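Hi,

Here is the structure I promised to pass on. Have a look at it first, and my notes follow underneath.

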Amino acid sequence: MIREKGKIFTVTLNPSLDYSVTVDHFRLGYTNRTVSEYMCVGGKGINVSTVFRNMGYDSTALGFVAGFTGQEAVRQLTERGIGNGLIRLEKGLTRINFKLQSVEGTEVNGLGPDIPEEKLEQLMGRLSELAAGDVLFLSGSIPSALPEDTYLRMMERLAEGVMTVVDVSGEGLVKALPLRPFLIKPNHHELSEIFHVTLADRASVIPYARKLQEMGARNVLVSMAGEGAALLAEDGSVYEAPAPEGKLVNGVGAGDSMAAGFMAGWLERQDYRYAFCMGMAAGSATAFTEGLASGEEIRALYRKIEKEGTGGKLV
């Protein structure tokens with residue numbers, strides 16, 4: 001059953017078709033043949049929409065597509081039950097990211113199409129239609145053809161009361177902070193790069209996450225892969241937790257799943273500890289499975305975290 005909470009939108013400026021293959025005994029410089037392969041629509045915002053769908057929440061994907069690869073991306077979105085708000089470009093192709101999974105996760109990511117200013121303005125116009133109580137995810141890198149303050153410009157077009165989630169690294173994140181996003185979700189490597197420090201444990205990230213709050217973020221959720229996560233909430237509370245025990249199968253999309261799980265938890269109860277634990281469960285459930293976690297997998301892991309008492313320690 002799809003839940004009727006606030007409307008949820010995700011922006012993926014440069015979506016992709018991810019072509020993942022496995023090759024036994026890969027040899028550089030020779031013709032190699034795949035033993036398994038699959039192609040699926042990807043991109044951080046689209047991952048978020050997929051996890052929301054799996055958890056019973058509807059959402060609409062915004063962004064740009066082009067060419068026959070864009071047509072396939074839209075087809076797969078529709079098949080997943082995700083709303084299609086993607087704007088079609090007249091030139092170029094939606095990029096293909098090639099992932100050679102059997103060779104230490106080797107990837108070759110495409111560039112993607114150029115985005116004309118009038119198409120970007122069309123997206124800006126759509127964002128200006130969002131209303132108070134809606135949730136907007138701004139996820140993933142900003143294409144090189146667009147200015148680094150693109151997310152800031154988008155946030156400036158929003159009505160008061162739209163809850164924004166910004167999940168991007170570097171200057172794109174820093175430039176969005178003055179408009180007080182509801183949530184940002186850097187990982188500890190991204191946090192280290194912003195402040196030019198080395199952060200290795202949960203305690204070490206807290207002072208720097210607080211600096212991001214001082215710069216404008218309302219809530220800061222820091223993911224640390226196997227080390228777990230920490231949350232600095234707007235009400236002044238600080239939570240941290242180790243990662244749940246499990247076998248790492250696939251880290252791709254774990255951070256996106258964490259952000260989606262946190263916001264799903266917040267929409268459900270408006271409780272920071274619950275949202276934090278749901279984020280932990282969603283991120284870890286994806287890391288423990290092929291692809292993005294199902295709603296059943298996420299909620300089962302949440303129940304395990306609660307039973308073991310390892311989630312949401314108040315610092």
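**What turned up**

Let me start with the aromatics: Phe-52, Tyr-57 and Phe-137 form a cluster linked by ring pairs. Across the structure there are eight aromatic pairs. Bear in mind throughout that this is a predicted model. Mean pLDDT for the chain is 90, with 96% of the residues at 70 or more. Broken down by element, strand β1 (residues 8-12) has the highest mean, at 97, and strand β14 (residues 313-314) has the lowest, at 62.

Since you'll probably look at charges too, there are a couple of arginines sitting over tyrosine rings. The charged end of Arg-27 is placed over the ring of Tyr-30, 4.0 Å from the ring centre. Arg-269 does likewise with Tyr-274, lying over its face at 3.8 Å from the ring centre.

Now the sheet. It is an open one of four strands, in the order β3-β2-β6-β7, and the pairing is mixed. The edges are taken by β3 (36-42) and β7 (106-108); each has a single partner strand, so one side of each has no neighbour in the sheet. From one strand to the next, the twist averages 20°.

As a reminder, strands in a sheet pair through backbone hydrogen bonds, in either a parallel or an antiparallel sense. Going through this sheet pair by pair:

- β2 (residues 16-22) and β3 are antiparallel, with seven bridges between them. Leu-17 has Val-41 in β3 as its bridge partner.
- β2 and β6 run parallel and are joined by six bridges. Here Ser-16 is matched with Arg-95 in β6 as its bridge partner.
- β6 and β7 are antiparallel, over three bridges. Phe-98 faces Val-108 of β7 in this pairing.

What lies across this sheet? Helix α2 (residues 67-80) lies across β2, β3 and β6 (95-100). The helix runs at about 85° to β3.

That helix also belongs to another piece of the fold: together with β4 and β5, α2 makes a right-handed β-α-β unit. In which sense do β4 and β5 pair, parallel or antiparallel? Strand β4 (residues 60-66) and strand β5 (residues 83-89) are parallel, and seven bridges hold the pairing. One of the matches to look up is Leu-62, whose bridge partner in β5 is Gly-85.

If you'd like a place to begin, try α2: you can follow the helix across β2, β3 and β6, then trace its β-α-β unit with β4 and β5. After that, go back to the cluster of Phe-52, Tyr-57 and Phe-137.

Cheers

Conventions: Residues numbered from 1 in each chain as written. Predicted model: local features only at pLDDT ≥ 70, side-chain atom pairs only at ≥ 80, totals over all residues. Heavy atoms only, no water. Pairing = 2+ DSSP bridges. Helix = DSSP H or I, 4+ residues; strand = E, 2+ residues; numbered from the N terminus. Axes fitted to C-alpha atoms, helices over the stretch in contact; angles between N-to-C directions. Contact = heavy atoms within 4.5 Å. pLDDT = per-residue confidence, 0-100. Phe/Tyr/Trp six-rings, centres within 6.5 Å; stacked < 30°, edge-to-face > 60°. Lys NZ or Arg CZ within 6 Å of the ring centre and 35° of its normal. Right-handed = clockwise from strand over helix to strand, strands pointing away.
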